[in-house]
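Trainee: I'd like to go through this model with you, feature by feature. Can we start with the picture itself?

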Amino acid sequence: KIIFTTDIRYLYILIIEIISSAFWALAPLGLTGYILTIYEKDQTKDGLLLIIMVCGIYTLFKLLISGVTIFVYNELVERIYRRFQNKIIQKILKKVLDVDLKTYQSPEFLNNYQKVVDNVTDNMVGTFWDVVSLAGGLTALLGIGTILSIINPIIMIYGAVIGIASYFISKATSKIMHDLSEKNKQLIRERGYVRRVFYLK
């Protein structure tokens with residue numbers, strides 16, 4: 001909610017990513033079906049040339065889209081991120097102004113404050129991209145699952161097993177990273193304090 005209200009462009013990114021994920025997941029299946037149709041109708045030299053031409057056009061199209069995507073992500077998305085980061089830090093600093101001096105100087109507050117300043121933007125945007133990946137993945141999965149279930153329902157069981165295993169591995173990895181971050185929290189706070197003392201006006 002904070003992300004979308006702070007910068008509405010993140011909502012547009014979400015919608016584009018969902019559509020893009022679904023398209024690139026289903027496009028190879030459609031291409032394969034089209035190639036098989038050509039092969040069944042025409043197994044001559046002309047048919048083979050047509051298949052090569054179709055594959056070449058698809059490859060060039062994908063390379064073009066990939067190039068545009070890289071440019072957009074390197075330029076536009078990075079600018080959006082920096083703007084969002086500035087707004088979030090400003091909100092945090094306004095909150096800090098309301099904290100009394102005694103609380104501000106306590107180690108517990110400083111630990112939490114440093115943790116927020118160092119991680120809040122990355123965690124929020126990281127969560128956003130996780131939601132984007134999840135939404136895009138589910139959309140693609142729904143499309144592919146529908147097609148595969150028509151072809152052979154057993155394939156769906158294999159996909160479900162892989163998906164469940166990936167979920168538990170990802171969950172375990174996240175817990176390890178969180179525990180490591182907690183252990184290093186005081187060191188990070190002290191480093192941040194030294195930086196503020198020497199570099200802030």
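What follows is a chat about rings, surface, hollows and charges.

Trainee: Before we dig in, what are the ground rules here?

Mentor: This is a predicted model, so local features need pLDDT of at least 70, side-chain atom pairs count only at pLDDT 80 or more, and totals for chains, interfaces and linings use all residues. Residues are numbered from 1 along each chain as its sequence is written, and side-chain values use heavy atoms, with hydrogens and water left out.

Trainee: How many aromatic pairs does the count come to?

Mentor: Rings of Phe, Tyr and Trp (its six-membered ring) pair if their centres lie within 6.5 Å; planes under 30 degrees apart are stacked, over 60 edge-to-face, and the rest tilted. By that rule, the count is five.

Trainee: Which class does the pair of Phe 4 and Phe 128 fall into, and why?

Mentor: The two ring centres are 6.1 Å apart. The planes of Phe 4 and Phe 128 sit at 85 degrees, so the pair is edge-to-face.

Trainee: How many residues apart are Phe 4 and Phe 128?

Mentor: Helices here are DSSP runs (H or I, at least four residues), numbered from the N terminus. Phe 4 sits in helix 1 (residues 2-6) and Phe 128 in helix 5 (residues 107-151), so the pair links distant parts of the chain. The separation is 124 residues.

Trainee: Is Phe 128 buried or exposed?

Mentor: Buried means under 20% relative accessible area, exposed over 50%, and partly exposed in between (1.4 Å probe, protein chains only). Phe 4, at 28%, is partly exposed. Phe 128 has a relative accessibility of 6%, so it counts as buried.

Trainee: What about Tyr 10 and Phe 84: what geometry does that aromatic pair have?

Mentor: Tyr 10 belongs to helix 2 (residues 9-41) and Phe 84 to helix 3 (residues 45-96), 74 residues apart. Both Tyr 10 and Phe 84 are buried. Their rings are 5.7 Å centre to centre with 75 degrees between the planes, which is edge-to-face.

Trainee: Which residues form one aromatic cluster?

Mentor: We've met Phe 4 and Phe 128 as one pair, and Tyr 10 and Phe 84 as another. One cluster is formed by Phe 4, Tyr 10, Phe 84, Phe 128 and Trp 129.

Trainee: Let's go to the surface. What is the area of the nonpolar patch that includes Ile 19?

Mentor: Patches take residues with over 30% relative accessible area and no salt bridge, joining like charges within 9 Å and nonpolar side chains (Val, Leu, Ile, Met, Phe, Trp, Tyr) within 5 Å. Ile 19 lies in helix 2 and is exposed at 57%. Together with Ile 8, Tyr 12, Ile 15 and Ile 16, Ile 19 makes a patch of about 510 Å².

Trainee: And the hollows: what volume does the largest pocket have?

Mentor: On a 1 Å grid over the protein atoms alone, a pocket is an open set of points with protein on both sides within 12 Å along at least five of seven lines, while a cavity is a set where a 1.4 Å probe fits but cannot get out; lining residues have an atom within 4 Å of a point. Of the 18 residues lining the largest pocket, those closest to its centre are Ile 16, Glu 17, Thr 69, Val 72 and Tyr 73. The volume of the largest pocket is about 420 Å³.

Trainee: Which helix gives the largest share of the lining of the largest pocket?

Mentor: Helix 2 and helix 3 each supply at least two residues of that lining. The largest share, ten residues, comes from helix 3.

Trainee: Which helix gives the largest share of the lining of the largest cavity?

Mentor: The whole-structure search finds one cavity of 30 Å³ or more, and the largest cavity has a volume of about 60 Å³. Its lining includes Asn 111, Gln 114 and Lys 185. Five residues, the largest share, come from helix 5.

Trainee: Last one: which side chains meet in a salt bridge?

Mentor: The structure holds one salt bridge (a side-chain nitrogen of Lys or Arg within 4 Å of a carboxyl oxygen of Asp or Glu). Its partners both lie in helix 6 (residues 154-183), four residues apart, about one turn of the helix. One of them, at 31%, is partly exposed, and the other, at 53%, is exposed. With 3.1 Å from N to O, the side chains are those of Asp 179 and Lys 175.

Technical notes. Accessible areas come from the Shrake-Rupley method with a 1.4 Å probe; for residues, only the protein chains shown count as cover. Grid points are joined across faces, edges and corners, and a volume is the space filled by probe spheres set on the points.
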